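I set aside this page for two look-ups, one on strand pairing and one on cysteines. The sequence and the structure come before my entries.

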Amino acid sequence: MKKLFTLFTVAMIAIGANAQTLIAEKDFTGIAESELPDVSSYCEGVNAYGSSDANGIAITVESQTRQTVCPLIWLWWPGFDALELKSNGCYKMVVTAKFPTDGRLVMSLLSGDSWQSSAYVNATGGFQEVEVDFPIPPMFFQGENCGLMIICGDFIGTTILKKVQLYEMEDAIDKIDDISYFLNKDNKTAVVAKAGESCSDGDIRATITHDGEVYTVTKILGEAFNGCPYLTSVTIPNTVTEICGYAFNGCNGIKEITIPASVKVISSGAFRGCYSLKRVIALAETPPLLSEDAFDNIGNVILKVPDDYVDVYKAADPWNKFNEIEMMSKEKCEKPTVSVDNGKLNFSCATEGVEYHYEILASIKGDGNGVRLPEKFKISVYASKDGFYDSAVETSEIPVSVVADANGDGVVDAADIVKIVNIIMGK
């Protein structure tokens with residue numbers, strides 16, 4: 001059984017040092033016209049400009065004739081340009097802005113070289129904080145004089161940039177099956193950093209366990225599998241939301257790739273140079289944002305999509321440039337059920353041979369004198385099987401009382417939480 005376990009807490013007692021340190025910040029509220037940074041576009045067919053707004057820098061994209069990440073806004077400010085960023089370090093950019101549409105916010109740090117990362121944004125109609133992780137590969141940055149570039153051409157209308165903050169994160173690196181992962185200790189996420197040249201099986205993990213903590217893999221970094229000559233297969237888990245630029249560049253051994261429904265963005269050159277690629281399977285109902293040059297042999301590749309969404313992909317540029325778009329006729333896994341028997345959680349499904357993927361959410365509070373157990377656990381689970389669509393998600397609430405004294409010592413305390421976690425993880 002493939003297990004995906006995450007335990008969220010409403011309140012926790014902080015242990016150890018802070019997981020993040022603010023090293024640079026700039027608030028653009030009330031910026032004058034004379035202080036505006038340049039807003040520019042090098043992309044043909046994009047009409048964009050910048051102006052001053054009471055809440056910050058207004059970046060307006062009036063129109064564009066193709067899917068692109070233009071325009072650009074270049075930012076420097078005293079203190080930021082003197083930063084010395086570390087190779088093999090982990091940083092986080094927090095952008096406070098109001099976005100007119102859903103889209104991709106792309107950030108680029110420059111310091112002797114440049115390193116790009118992005119996050120998919122769901123517009124809320126108001127200001128929101130968007131976090132963009134910057135795990136930096138070894139030997140990437142050189143020197144100082146840092147610059148920051150924001151690329152927001154995915155958003156049609158006016159984006160108002162209010163504040164930018166840069167944090168240095170407490171990070172860790174783990175290597176599994178010749179694939180290195182950056183681990184963000186602050187938000188318990190991981191990203192695929194780099195595969196070894198001898199890597200032949202790109203089996204990317206959905207979760208990484210490091211020092212007893214579980215990290216969810218959410219992104220494949222740029223050039224992660226770049227030029228891996230022996231790579232013949234890739235498994236991308238349904239936790240990944242972004243495949244960054246040139247992630248699989250030059251992987252000529254790959255013949256087929258499945259893009260899970262979780263992926264929102266596939267960036268420039270992601271599968272460039274994959275000349276043996278014959279079939280792409282896209283499972284999302286809504287086509288992910290796809291850069292025009294993500295595949296450079298797109299006219300020779302067959303795209304397979306869920307039956308009901310063929311017309312959607314045929315209308316979505318540049319997905320409609322694939323050689324042929326076929327329907328994937330297959331069944332959907334039945335929704336699983338959740339039960340408790342003798343203090344153990346059990347899952348069942350009418351579809352045989354499935355794997356279960358689940359999260360358990362609990363509100364745990366500490367007052368300094370102990371840990372207060374929640375009244376209920378909220379469990380969400382779905383089933384998957386090769387050749388089938390993923391099932392619908394089943395959500396259940398399980399009273400703690402039925403599993404409270406999980407370790408059988410006659411006392412309900414924090415040790416029972418540990419026992420419950422171990423039961424679920426199969427320990």
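Does C274 count as buried or exposed, and at what relative accessibility? I looked this up in what is a predicted model, and C274 counts as buried because its relative accessibility is 0%.

Entry on the cysteines. I searched the whole structure for disulfides and the search returned zero. For C228, which is in no disulfide, I noted that the nearest cysteine sulfur is that of C251, at 5.1 Å. I also checked the accessibility of C228, and at 1% this residue counts as buried. I then asked why C274 has no bond to C251. The closest cysteine sulfur to that of C274 is in C251, and the two are 5.3 Å apart, which is too far for a bond; the cut-off I worked with for a disulfide is a pair of cysteine sulfur atoms within 2.5 Å.

Entry on the sheet. I followed the pairing of four strands and found that they form an open sheet, with parallel pairing and the order 20-22-24-25. At the edges I recorded strand 20, covering 256-259, and strand 25, covering 324-328, each of which pairs on one side only. From one strand to the next, I noted a twist that averages 20°.

Entry on one pair within the sheet. I looked at how strand 24, residues 302-306, meets strand 25, and I found that the two run parallel and are joined by five bridges. For I302 I looked up the bridge partner in strand 25, and that partner is E324.

Key. Residues are numbered from 1 along each chain as its sequence is written. This is a predicted model: local features need pLDDT of at least 70, side-chain atom pairs count only at pLDDT 80 or more; totals for chains, interfaces and linings use all residues. Side-chain values use heavy atoms; hydrogens and water are left out. Two strands pair if DSSP finds at least two bridges between them. Axes are lines fitted to C-alpha atoms, for helices over the stretch in contact, and angles run from 0 to 180 degrees between N-to-C directions. Buried means under 20% relative accessible area, exposed over 50%, partly exposed in between (1.4 Å probe, protein chains only).
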